[in-house]
Amino acid sequence: MSTDALAFCLDLGRAHASLTLKLDDDLGAFHGLNFADFALLYMLLRAEQGRMPMVELARTLGLSMSALIRKMVLLEKTGLAERVEGSGNDTRRHAALRSGGRQLVRDAVTTVEAHCKEAVRCVDQRQLADAHELLRAL
């Protein structure tokens, strides 16, 4: 790895950590969530019928299955999400959003969007689109 690539990756990690800390603070203060829980609930909000196979959700969030299960246990205790059986021919376990989780994550989207807009305010739209494609490729 070249020095430039290393510097980029270190800066990317630092930027991620900084944004996550800011989001954790405001999401905790206003919605009782941290950013990792928001990301999980947001993925379920966007999923068809508010549910997603656990394996797919873990892969999307970059979590091991055991880490996802630990998160789900806490979200189940607070009534925001649940683990359910698949329907029809799909016998896999799914993570599902409960009504309280649906409302909470919808409210929290405003907080997260405001932080994200502030984080990229000095980046023009073309650069932002290019950076987004780069991140998807990683």
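At 63% relative accessibility, Q49 counts as exposed, where exposed means over 50% relative accessible area, buried under 20% and partly exposed in between, with a 1.4 Å probe and protein chains only. Q49 is found in the loop between α2 (35–46) and β1 (51–53), and its phi is near 60 degrees, a positive value in a residue other than glycine. Most residues other than glycine have a negative phi. A positive phi of about 70 degrees is also taken by G32, just after α1.

This is a predicted model, in which local features need pLDDT of at least 70 and side-chain atom pairs count only at pLDDT 80 or more, while totals for chains, interfaces and linings use all residues. Residues are numbered from 1 along each chain as its sequence is written, and side-chain values use heavy atoms, with hydrogens and water left out.

The protein has 6 helices and 3 strands, which run α-α-β-α-α-β-β-α-α from the N terminus on; helices (H or I, at least four residues) and strands (E, at least two) are DSSP runs, numbered from the N terminus. Some values for the protein as a whole are set out below.

| Property | Value |
|---|---|
| Span of the C-alpha trace along its principal axes | about 50 × 35 × 25 Å |
| Exposed area of the protein | about 9,200 Å² |
| Distance between the mean positions of the 18 positive and 18 negative charges | 5 Å |

The exposed area, computed by the Shrake-Rupley method with a 1.4 Å probe, is supplied to 54% by carbon and sulfur atoms. For the charges, Lys and Arg count as positive and Asp and Glu as negative, His and the chain ends being left out, and each charge is placed at NZ of Lys, CZ of Arg, CG of Asp or CD of Glu. Buried residues make up 28% of the 138 residues.

The largest nonpolar core, a set of buried Ala, Val, Leu, Ile, Met, Phe, Trp, Tyr and Cys residues joined through side-chain atoms within 4.5 Å, has 25 residues, of which L33, F38, L40, L41, L44 and L57 touch the most other members. Two or more residues of this core come from each of α1 (3–31), α2, α3 (54–61), α4 (65–77), β3 (93–97) and α5 (99–119). Leaving aside residues up to four places away in sequence, L57 touches L40, M43, L44, M52, L68 and A95, a contact being heavy atoms within 4.5 Å.

In α1, the buried residues are T20, L23, L27 and H31, and their cover includes α2 and α5.
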